[in-house]
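Let's go through a few structural labels and see what earns each of them. Have the coordinates open as you read.

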Amino acid sequence: MERNLFKYIWRHSWRDQVYILAIVLLLQVFYFVSLDLPKRIVNDGIRGEAFKETSVEIPTHLNYSYGPAIHPEMMKPEGKVNTIPFMEISFGPYESIGVPKLTLFSGLMLDQMQYLFALCFAYLFFVVLNGWMKQWVNTEKGRLGERMLRRLRFELYDRILKFPLGHFRKVKQAEIATMIKDEVEPLGGFIGDAFIQPAMLAGQALTALYFIFLQNFYLGALTFAILAVQMAVIPKLRVKVRLLARQRQITARALAGRIAESVDGAIEIHTNDTSNYERADIIDRLGTIFLIRFELYKRKFFVKYLNNMLAATTPFLFYLIGGYLALNGKFDTGSLLAAINAYKDLPDPIKQLIDWDQQRQDVQIKYDQVMEQFNPDGMLPPELQAIDAMQDVDAGTLAASNLAFTDESGARLVEDVSLEIGPDAHVAVIGTGASGKEQLGLLLGRLALPVAGQLKYGEHDLTQLPESVTGRRFAYVGEESYFFPLSLRENLSYGLKHRPVEPARYEGESLRHFERRMREAKRAGNPWLDPGDNWLDLAGAGVADVPELYSRVVTLLKAVEFDEDVYQFGLRGRLDPVRDADIAAEFLEARRSLRERLQRPDVAALVDPFDPARYNKNMTVAENLLFGTAVGPDFAPENLANNEYLRTTLRDLGLGNDLVGMGRKIAETMVEIFADLPPGHPFFEQYAFISFDDLPMYRELIQRTGRLSTEQIQREDRFRFVRLTFPYIEARHRLDLIDTEMEEKLLQGRHALAQNLPENLKKSIEFYDPEAYNSQASVQDNILFGRLVYGQAQAAQKIGRVIAEVLDGMKLRPRVIEVGLDYNVGPGGKRLSTAQRQRASLVRALVKRPRLLILNNSLAVFDDSTQRRLAERVNKIMEGGAMVLITDNVALARLFDRVIIMKEGRVIEQGEVRELDRDGSRFRELVGTVAAAAE
């Protein structure tokens, strides 16, 4: 990228810059006219100077379109004229070159009153025209700036994708993200101003200054002198301001990186009780930033004061000197008024020019700093990621010759390694301690580049193969895996999204919006890529369609023992019955089949089914009233007490007082139970009505309302009591607050809520229907269609087994797994355990059918028996392809065709297992030691 910001801007936007600059130049002509018109209005329109005989001589330089030209036949005997032309268009005469006067339009003949009105409306026209043109220029330069900012951000992100992997160990991801998001933001505003703003401001200032000189030379010289002081002194005072601004930027970036460290190291902070140390560090950093910013403000506002003072001094001198000249007849009042009016517009562009110069220096510093961070050594050449690069090569032998690799400090981690891995060979790389085997895995996967030696795949130099080949034909799973905050399905198919396979189809307004986006992308220098296209490389996965891909994924999930976890995700997941109507129908059939199974004596008492005509004692009061799931905030648990429709319905049914009384009993019981309990006691979780912090409030509430009847309690206090009743579950909390009569009243409330639901709330609740699938409930809740009975031992496990029997009998387990694939794994895959992430990584690597699979200590999170099972299964899946297992578990070596043993960065033994399995060999020593320990 271009290191000079102005060269970068001009190279990518010179056409737009020239176009807007031409409009800016035209704008100065109209601005000059708008400055001269007030003088014409006063002298010619009001005082009538143009209608006097002495005013016949009009300077050539003022003879523009609307200027007067007096002819002898227009003269009155008393030395005045009745009418003069308005908007005469003429050129010349230019006597020096012998060109006579040329009149294109003789103008409109107007008397003094008409002439005054014409000048006033002309002034209004040019004021409006100037304003509109400035608005257009600002809009266009804003669009230009945003377009260039988009280009810059994309280019910076594009460079991140080309960073050598070792560079990511030197930088903090939060700082890199902050630079692209925040630190280049000011550049976007400046880019549009880089050439246009100084041209427009300088043009406006020079035009006004030239006009003042035309009115009076001394006033012009005075104005120029004061402006010269401003231009010389103010920038020097701002040097320190600029340095402070740079310090502020650096310290703010470091603060962002430090906060990111606290987020990433949250576990270490809590386990080591270092939270107060972290607070101290942040306090110190915030103090440093405060002092920098305060010093910055002091200097910045002093410069602003000085600048404003100089600007305010000039009008005083105008009035003083101009008034003196006017009183002595050396300066007419119209010219004085025009000069003052011109100067009125002069300080602001000068100030903005000084600000622009300050901003120029600031953004150049920001740009330089960003370029330093985004130009590391060893960046990947662009052709390795070109979208039109070759996509395949013949399977070949992976051969390394005298490979060497060093880390950032220069230490040699791999030294003089030579080996060959055939296109169908399965190789185990073992070693103990700092053997260099993990770094060898990075080299073989082309994730690190050797500092010496040669690495070839078939006849090709592996370091020169584009990622369109290595990304398709190689797969790498490291010790830690990253997942994007998307569904598990999207993460598992991520390795198939190399190039657009089929363009998206747009119609109507969507098509117009797409075409506009693509046009803007092209103008901003972004490649023509649409995430809405179909990116799935089904051929790379060896499947014909998406259902077959899903079938392959399910097979791989079973192979890596991840299918049961995804099955559980599916049971807890949700399904859209409109989009997936066939799956929803199958789950409804499973509901009916499960209902029959639940008639068995051993499980019949474990589930309390949903029944519209019966109160469910294992559901909360709120759930019984709604008998459905909330859609949106209206009937969310935290908003129920304030829901006007619910309160009105309960009051009309006479339930309001009952619930207030019930809530008061709950409050009295809880205050009594929790009176002497410390915070965090298990009772607070079991009786989740009142938190420890709310106990004093409810204790005071009970005392205040103790002698009042239910009807006498104030409105807000009634809400507080009713709110306590909603989470109450009779079967769990067992306070004997809901008898048969209360059940009947709550059932009446349930039916009234459903029958009288207003039109605007009908989509806010999805009611439980024995014959319908509830989109807001989980798959398991839809199939179970009831609540587990509280107090039954191992009820969840027993019912889980029954549900599994039903689903397996109906061959619906794959359907549940399909729902489970929509499970969002969270940022970085943090909603998955470490073992789950590694299993998912194996599936992601295997689904694209790689020719070479590298497992770089990726099985280390599992126990020995699991490692062995997974290694055997992956070995079988990779039959016909090459596989490299790098592991600390040397016992796995016997599962492979060949073994490579490393020590201190060198290969000390390699060969087939039967060749190395001999007395005195390093292989026998390592494997034998493990076997002896196992015995």
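**Labels and their cut-offs**

Q: What phi does Arg446 take just after α11?
A: Arg446 has a positive phi of about 60°. This is a predicted model, in which local features need pLDDT of at least 70, side-chain atom pairs count only at pLDDT 80 or more, and totals for chains, interfaces and linings use all residues. Residues are numbered from 1 along each chain as its sequence is written, and side-chain values use heavy atoms, with hydrogens and water left out.

Q: Which residues of helix α11 are called buried?
A: Buried means under 20% relative accessible area (1.4 Å probe, protein chains only). In α11, residues 437–444, the label goes to Lys437, Leu440, Gly441, Leu443 and Leu444.

Q: What puts these residues on the same side of α11?
A: Their arc around the axis is only 160°, so they sit on the same side of α11. The arc is taken from the directions from the helix axis to the C-beta atoms.

Q: Why are α23 and α24 called oblique to each other?
A: The axes of α23 (residues 695–705) and α24 (residues 715–725) cross at roughly 120° and come within 11 Å. Angles under 35 degrees count as roughly parallel, over 145 as roughly antiparallel, 65 to 115 as roughly perpendicular and the rest as oblique. The pair is therefore oblique.

Q: Which residues of α23 and α24 meet?
A: With contact meaning heavy atoms within 4.5 Å, Met697, Tyr698, Leu701, Arg704 and Thr705 of α23 meet Asp717, Arg720, Phe721 and Leu724 of α24.

Key:
Buried means under 20% relative accessible area, exposed over 50%, partly exposed in between (1.4 Å probe, protein chains only). Helices (H or I, at least four residues) and strands (E, at least two) are DSSP runs, numbered from the N terminus. Axes are lines fitted to C-alpha atoms, for helices over the stretch in contact, and angles run from 0 to 180 degrees between N-to-C directions.
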